[in-house]
Amino acid sequence: MAKKLVGTMKLQVPAGQANPSPPVGPALGQRGINIMEFCKAFNAKTQEMEPGAPCPTVISYYQDKSFTMDIKTPPASYFLKKAAKVKSGAKLPGKETVATVTSAQVKEIAEAKMKDLNANDVEAAMLIIMGSARSMGIEVK
């Protein structure tokens, strides 16, 4: 018989740095998920990623206290800020530009995020990343 799904939850956890302290521990504990088991599994799955990169994670938990997790790639804004070497986007996007990135950098980001984007090819993915850059006040050259 199939496991009965109780619910799903979304967390953004730094790659390789899941620990039982807030916000991860309390969010998992109140749903009956084994916190240490999650931390060990998450850190093992994200060990080849850049340490500290924010990883959006969808956790499905079941009646028998087991869980599955789907770890997505870090957000486009994380990659764009890293490529542009800035701490944050523009205060007034559209009116001010904080940095520039090359189209080669945009293509590299699009290829890295391809599995999580709603795009059929790299060119369409690049347009999505360019839109994110524009909304952050980062110009694409």
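## Secondary structure

The chain of this predicted model holds five helices and five strands. Read from the N terminus, the order of the elements is β-α-α-β-β-α-β-α-α-β. Measured out along the principal axes, the C-alpha trace covers about 55 × 35 × 25 Å.

## Two domains

The domain assignment divides the chain into domain 1, residues 3-69, and domain 2, residues 74-138. Their C-alpha centres are 27 Å apart. Contact between the two involves six residues of domain 1 and four residues of domain 2.

Together the domains bury an area of about 400 Å² between them, and carbon and sulfur atoms supply 63% of that area. On the side of domain 1, the residues that lose the most area to domain 2 are E50, A53 and P54, which together make up 69% of what that side buries.

## Salt bridges

Three salt bridges are found in a search of the whole structure. One of the residue pairs is E50 and K82: E50 sits in the loop between α2 (35-45) and β2 (54-62), while K82 belongs to helix α3 (residues 76-84), so this pair ties together parts that are 32 residues apart in sequence. The bridge joins the two side chains at 2.6 Å, N to O.

Side chains of opposite charge can pair when their charged atoms come close. At the interface of domain 1 and domain 2, the rule finds one salt bridge. E50 falls within the bounds 3-69 of domain 1 and K82 within the bounds 74-138 of domain 2. E50 is also among the residues of domain 1 that lose the most area to domain 2.

## Helices α4 and α5

Helix α4 takes in residues 103-113 and helix α5 residues 122-136; their axes come within 8 Å and cross at roughly 110°. An angle from 65 to 115 degrees counts as roughly perpendicular, and α4 and α5 are therefore roughly perpendicular to each other.

From α4, the residues that take part in the contact are S103, V106, K107, I109, A110 and E111. They meet V122, A125, M126, I129 and M130 of α5. Sorted by class, this contact of α4 with α5 comprises eight nonpolar residues, one polar residue and two charged residues.

## The start of the chain

K4 lies in the segment before β1, the strand of residues 5-14. With neighbours within four places in sequence left aside, K4 is in contact with Y62 and Q63.

K4 can also be set against K91. The two are 87 residues apart in sequence, and their C-alpha atoms are 46 Å apart in space.

Methods. Residues are numbered from 1 along each chain as its sequence is written. This is a predicted model: local features need pLDDT of at least 70, side-chain atom pairs count only at pLDDT 80 or more; totals for chains, interfaces and linings use all residues. Side-chain values use heavy atoms; hydrogens and water are left out. Axes are lines fitted to C-alpha atoms, for helices over the stretch in contact, and angles run from 0 to 180 degrees between N-to-C directions. Helices (H or I, at least four residues) and strands (E, at least two) are DSSP runs, numbered from the N terminus. Angles under 35 degrees count as roughly parallel, over 145 as roughly antiparallel, 65 to 115 as roughly perpendicular and the rest as oblique. Contact means heavy atoms within 4.5 Å. Ala, Val, Leu, Ile, Met, Phe, Trp, Tyr, Cys and Pro count as nonpolar, Asp, Glu, Lys and Arg as charged, and the others, Gly among them, as polar. Domain bounds come from an automatic or database domain assignment. Buried area is the accessible area (1.4 Å probe) that two parts lose on being put together, summed over both. A salt bridge is a side-chain nitrogen of Lys or Arg within 4 Å of a carboxyl oxygen of Asp or Glu.
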